[in-house]
Amino acid sequence: MNLFVSHTSYYFHLKPLVHLSPEMLLSMASDLFTRRMCTAASISPPAKEGVKLLVTAGPHAQKMVGIWLFGSAAWVFSMVILGGVTRLTRSGLSMTDWKFTGGLPPISDEEWLVEFEKYKQSPEYKQVNKGMNIEYFKFIYWMEYAHRMWGRGLGIMFALPFSYFVRKGYMTVQLGVRLSALFALGAGQGLIGWWMVKSGLEEPTSEYVQPRVSPYRLAAHLTSAFGICCGLLWTALSVVMPAPPSDTVAWVRGAAKIRRLAIPVSFVVGITAISGAFGHAFNTFPKMGDTWIPEDILSMEPITRNFFENTATVQFDHRILATATLLSISGLWWATRKLDIHPAIRSLLGSTMGMAALQVTLGISTLLSYVPVSLGSAHQAGALTLLSLMILLSHTVRKPSPVLLKSLSSSVTRTANAVRVLETEEEEAFGLKVTAISSFQAQPVVPKSAKCYQQCSYTNFIPNRSVLSKPLHSNDRALSSLSLAMNSSKCQGNGKILHSGGFQCHALDIKSPSSFLAGEKFQLDDVIEAQQFDLDILNAIFEVAREMENIEKRSGQSEILKGYLMSTLFYEPSTRTRLSFESAMKRLGGEVLTTENAREFSSAAKGETLEDTIRTVEGYSDIIVMRHFESGAARRAAGTASIPIINAGDGPGQHPTQALLDVYTIEREIGKLDGIKVGLVGDLANGRTVRSLAYLLAKYRDVKIYLVSPDVVKMKDDIKDYLTSKGVEWEESADLIEVASKCDVVYQTRIQKERFGERIDLYEEARGKYIVDRTVLDVMQKHAVVMHPLPRLDEITVDVDADPRAAYFRQAKNGLYIRMALLKLLLVGW
């Protein structure tokens with residue numbers, strides 16, 4: 001029986017399975033199925049695709065704006081609670097006039113007497129509080145005064161940071177408009193509050209009717225407050241969590257099911273909370289007095305008045321709505337308990353159900369205790385807390401961007417196709433099998449070479465690409481599989497290629513993620529983009545690079561790659577990259593097939609497609625190093641070839657080997673990679689080197705990146721969004737001198753004239769704006785370095801070369817060691 005297990009990382013970071021008995025393997029397979037662990041393949045792209053950030057000035061600005069908005073939402077929350085206390089203590093009508101800007105409270109005894117006399121003229125004093133002493137009046141006056149001034153304080157606390165963030169350019173127009181609307185609603189809330197209070201200062205229609213504020217106006221005031229609080233909370237969440245959890249297809253589908261239920265449940269929660277503003281009566285439960293349904297429930301004419309003015313009807317409706325809220329939230333939890341969803345969403349569902357039960361308990365306790373201020377305030381706070389939890393849930397399960405949904409959908413289709421191909425051919429070769437597909441967190445590429453685990457009890461096989469009716473592409477994010485065949489005799493000593501019944505396989509050693517750090521062998525596949533490397537892989541490459549440096553300095557030659565051929569396929573000019581790869585191959589004993597200008601002096605000039613060229617060249621060599629003028633060309637080549645492909649630069653896309661040697665150089669020059677500050681200067685829009693370097697720097701802790709460039713070649717948003725998603729602090733600046741004084745590394749790049757086409761005016765506008773010269777060196781720290789991917793034009797003056805901090809020629813030399821390491825790892829392993 002075969003057990004298929006999908007790749008969980010780019011370099012097959014799989015849990016060792018080689019010592020399991022057949023019985024244990026069968027048990028594992030059975031357990032996988034009985035627990036429904038066979039889920040669709042997923043992706044977790046390094047940066048969420050199609051994510052629109054509301055704060056675009058980096059993670060620090062995002063954090064500041066988020067804290068401010070959460071603080072504002074909390075302030076509104078406290079306002080609602082204070083308003084509830086004011087209402088329960090019957091303090092709301094103690095101030096009989098209103099000014100928009102407010103004023104000082106009474107200070108002297110005379111001023112207090114004046115305010116007390118005003119209150120004595122109100123209907124509430126005459127019918128409810130007649131005979132009240134001035135000390136109690138001071139208490140209710142202070143309650144209402146605090147409520148009003150707390151609201152004005154909120155306005156100031158909101159307006160000042162808002163003005164600051166707008167001036168700093170932290171917020172997008174969309175966020176600015178949204179917050180302006182919330183601020184306007186907050187300012188109008190004061191007017192609504194006075195409009196409400198004014199209704200309670202009017203004479204009641206009958207001497208038997210107690211004066212009180214209009215329930216309609218009270219509901220409007222409360223609804224507005226709830227709306228502001230929820231709006232601020234939603235906006236704060238959108239700032240700090242610009243994309244919902246969407247790492248897997250299963251999570252997205254589960255969230256969609258929850259979303260369809262959560263929206264109507266949120267509506268019920270909101271209506272229930274607002275219905276409490278219309279009054280309370282009947283301090284009994286579950287009956288209302290001695291009956292289940294009050295007799296005067298529809299006593300008013302027209303009937304619709306009962307639902308807003310009849311206390312018995314209002315209380316009955318509130319109880320029905322509260323029960324419906326508890327049941328609907330419980331139903332939501334029950335209906336989603338078996339869904340494959342993000343753990344945070346599952347926890348949130350449980351918390352919401354717990355809060356709903358607590359809120360019902362508080363409501364019943366408040367009634368039975370004759371509405372004490374403490375329980376009444378807690379009940380109102382509970383209503384807003386429950387509504388906030390529903391807002392949080394709805395925000396977390398909102399629909400991902402269309403770009404990401406399309407990517408996930410494409411991944412599922414291609415994965416299913418790949419699995420069907422593998423199933424058919426594996427059945428023919430080995431017979432009965434068990435298939436279990438788990439999610440992976442990177443973009444796997446089918447391995448093109450592998451070595452046998454010589455002491456395995458079960459050989460690990462990967463079907464050769466040649467037997468597949470459809471090649472598995474890395475850009476397809478296709479799911480490639482491992483089969484565990486229980487026949488140790490097929491594991492040969494050299495382990496290169498095995499045959500079983502005409503079915504050709506490669507043997508693969510299964511390793512834990514850190515196995516190569518312990519000295520065991522590992523192998524790379526293609527080198528396509530900087531995102532494919534994790535810290536363990538980077539450290540391993542750098543370790544091998546140091547070994548290569550020792551080889552070069554000790555003897556200058558090795559036979560490690562004797563018998564291997566490398567083709568260099570360069571469609572764009574290159575000096576350092578092409579020559580360093582050719583030098584690396586020859587120093588390791590290999591041979592080189594080269595074309596200096598494949599764009600003009602290959603069949604590409606006749607119209608041959610890249611795919612056809614790759615299929616041809618792979619027949620002559622063991623590895624291809626390719627530079628192309630189109631972004632994404634290297635990925636296309638990797639999807640076509642059955643031998644390793646190294647991306648030596650693809651248009652304005654990426655240059656991963658340059659990024660590797662850059663990081664290697666930084667570590668050697670600065671002595672660390674965590675906690676560094678790097679200034680990226682020059683052509684950041686077209687520079688593939690800075691793009692790849694940004695991806696790698698994001699893997700280290702506490703890195704800060706400064707972006708210094710002319711306006712026409714600023715860093716593109718996809719890199720900024722990626723850095724933000726990884727928690728990397730970045731900042732755009734126009735002051736090279738200031739940035740250079742702070743940085744450990746000043747990474748200068750040339751303005752790339754070839755990327756401007758016919759817009760030479762834009763090139764001339766950008767060229768020469770930022771130059772590293774002696775003035776810049778004078779402000780740099782003693783340990784800092786200047787780096788450049790080369791070639792340079794005039795962006796670094798020649799007199800800088802003599803300074804020991806000029807590291808760019810040492811940087812170019814390090815490219816030899818990194819590329820020697822990559823060739824060794826790709827072709828023969830560690």
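**Helix H11 and a surface patch**

Me: Before the details, what share of contacts between residues at least 6 apart in sequence join residues at least 24 apart?
Reply: In this predicted model, 78% of those contacts do.

Me: And how many helices and strands?
Reply: The protein has 24 helices and 15 strands. Buried residues make up 53% of its 830 residues.

Me: How much surface does the protein expose?
Reply: About 36300 Å². Carbon and sulfur atoms supply 58% of that area.

Me: Switching to H11. What span should its 26 residues have?
Reply: H11 covers residues 343-368 and should span 38 Å at 1.5 Å a residue. The C-alpha atoms at its ends are 38 Å apart, so the two agree.

Me: Which H11 residues are buried?
Reply: Among them are Ile-345, Leu-348, Leu-349, Thr-352, Met-355, Ala-356 and Gln-359. Further along, Leu-362, Gly-363, Thr-366 and Leu-367 are buried too.

Me: Why would residues three or four places apart point the same way?
Reply: An α-helix has 3.6 residues a turn, so that spacing brings them round to the same side.

Me: What covers the buried residues of H11?
Reply: The cover includes helices H8 (249-275), H10 (311-335) and H12 (373-396).

Me: What phi does Tyr-370 take, just after H11?
Reply: A positive one, about 60 degrees.

Me: New topic. Which residues form the nonpolar patch on the surface?
Reply: Tyr-216, Leu-298, Ile-303, Phe-307 and Phe-308. Together they have about 450 Å² of accessible area.

Me: Where is Leu-298?
Reply: In the loop between H8 and helix H9 (306-309).

Me: Why does Leu-298 count as partly exposed?
Reply: Because its relative accessibility is 45%, and partly exposed lies between under 20% for buried and over 50% for exposed.

Technical notes
Residues are numbered from 1 along each chain as its sequence is written. This is a predicted model: local features need pLDDT of at least 70, side-chain atom pairs count only at pLDDT 80 or more; totals for chains, interfaces and linings use all residues. Side-chain values use heavy atoms; hydrogens and water are left out. Helices (H or I, at least four residues) and strands (E, at least two) are DSSP runs, numbered from the N terminus. Buried means under 20% relative accessible area, exposed over 50%, partly exposed in between (1.4 Å probe, protein chains only). Contact means heavy atoms within 4.5 Å. Accessible areas come from the Shrake-Rupley method with a 1.4 Å probe; for residues, only the protein chains shown count as cover. The expected span of a helix is 1.5 Å times one less than its number of residues. Patches are made of residues with over 30% relative accessible area and no salt bridge: like charges are joined within 9 Å, nonpolar side chains (Val, Leu, Ile, Met, Phe, Trp, Tyr) within 5 Å. A salt bridge is a side-chain nitrogen of Lys or Arg within 4 Å of a carboxyl oxygen of Asp or Glu.
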